[in-house]
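Welcome! Please take a moment to look over the sequence and the 3D structure, and then read on for a short tour.

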Amino acid sequence: MFIPKANRIAVFSYLFREGVCVVKKDTVSPTHPHMEGATNLEVLNLMKSLQSKGYIRITFSWQHHSCYLTPEGIEYLRGYLALPAEIVPATHKKAPSRPEGRDREDEKFAGGEGKPAFRGGGDREYRSREGGFGRGGGM
C-alpha cells in the first residue's frame, strides 16, 4: 500500500515518542485518533510492516492492536527519523520516584486506640449476639 511520506513520518514519530501505539481494527475510519493526517488503515498497515521486520510486537485484544517497540525498532526509528541517542521513547524513561512524605503506617491507626480504624467500631454494633429473626432467636 502506498503511504505518503508525511503520514509515514507522523506515524513513526508518534510511535517513537510514545513507545506504544494502539490501533483499532477499523479500516474505514478516516483518521487515527492520536495522529494528524494518517488514516487508520495506513497506521494499521505500517504496524504490520514493522512487525514483519521484527521492530514491534503486536498483541490483539477486543478489536484493538497494541503495538510495542522492541529495542531493534527503537534503533531503526532513531535512524529513520535522524534522532540523537539521548532521545528515548516515553515507555523507556525512568518514572520519577515517589516523594518522601508521611509514613503510610500512620493511616491505619487513625482511631487513636492503637488498633486499625476499620476493625471493630460502631458499624456492626446493631447486630445482637443472640442472632436475628431467621437464626432461631426471634419471637
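## A tyrosine and its contacts

Apart from its neighbours within four places in sequence, Y76 is in contact with F12, L50, K53 and Y55. Keep in mind as you explore that this is a predicted model. The tour begins with Y76, moves on to a helix, and ends with two cysteines.

**Y76**

- You can find Y76 in helix α3.
- Is Y76 buried, partly exposed or exposed? Its relative accessibility is 25%, so Y76 counts as partly exposed, because buried would mean under 20% and exposed over 50%.
- One of its contacts is L50, and the C-alpha atoms of Y76 and L50 are separated by 9.8 Å. Along the chain, these two residues are 26 residues apart.
- Another contact of Y76 is F12, and F12 is among the buried residues of α1.

**Helix α1**

- Helix α1 covers residues 5–18, which makes 14 residues.
- How far does α1 reach from its first C-alpha to its last? The helix reaches 20 Å, close to the 20 Å expected at 1.5 Å a residue.
- Which residues of α1 are buried? They are N7, V11, F12, Y14, L15 and F16.
- These buried residues pack against several other elements: the strands β1 (20–24), β2 (56–61) and β3 (64–69), together with the helices α2 (40–52) and α3 (71–80).
- Right after α1 comes G19, and the phi of G19 is positive, near 85°.

**N7, one of the buried residues of α1**

- N7 is found in helix α1, and it has a relative accessibility of 14%, so it counts as buried.
- What does N7 touch beyond its neighbours within four places in sequence? N7 is in contact with G37, A38 and E42.

**Two cysteines without a bond**

- A disulfide is a covalent bond between the sulfur atoms of two cysteines.
- How many disulfides are counted here? The count comes to zero.
- C21 is in no disulfide, and the nearest cysteine sulfur, that of C67, is 5.4 Å away.
- Why is there no bond for C67? Its sulfur is 5.4 Å from the closest cysteine sulfur, in C21, which is too far for a bond, because a disulfide needs the pair of sulfur atoms within 2.5 Å.
- Are these cysteines buried or exposed? C21 is buried, with a relative accessible area of 1%, and C67 counts as buried at 0% relative accessibility.

How values were computed. Residues numbered from 1 in each chain as written. Predicted model: local features only at pLDDT ≥ 70, side-chain atom pairs only at ≥ 80, totals over all residues. Heavy atoms only, no water. Helix = DSSP H or I, 4+ residues; strand = E, 2+ residues; numbered from the N terminus. Expected span 1.5 Å × (residues − 1). Buried < 20%, exposed > 50% of the residue type's maximum accessible area, 1.4 Å probe, protein only. Contact = heavy atoms within 4.5 Å.
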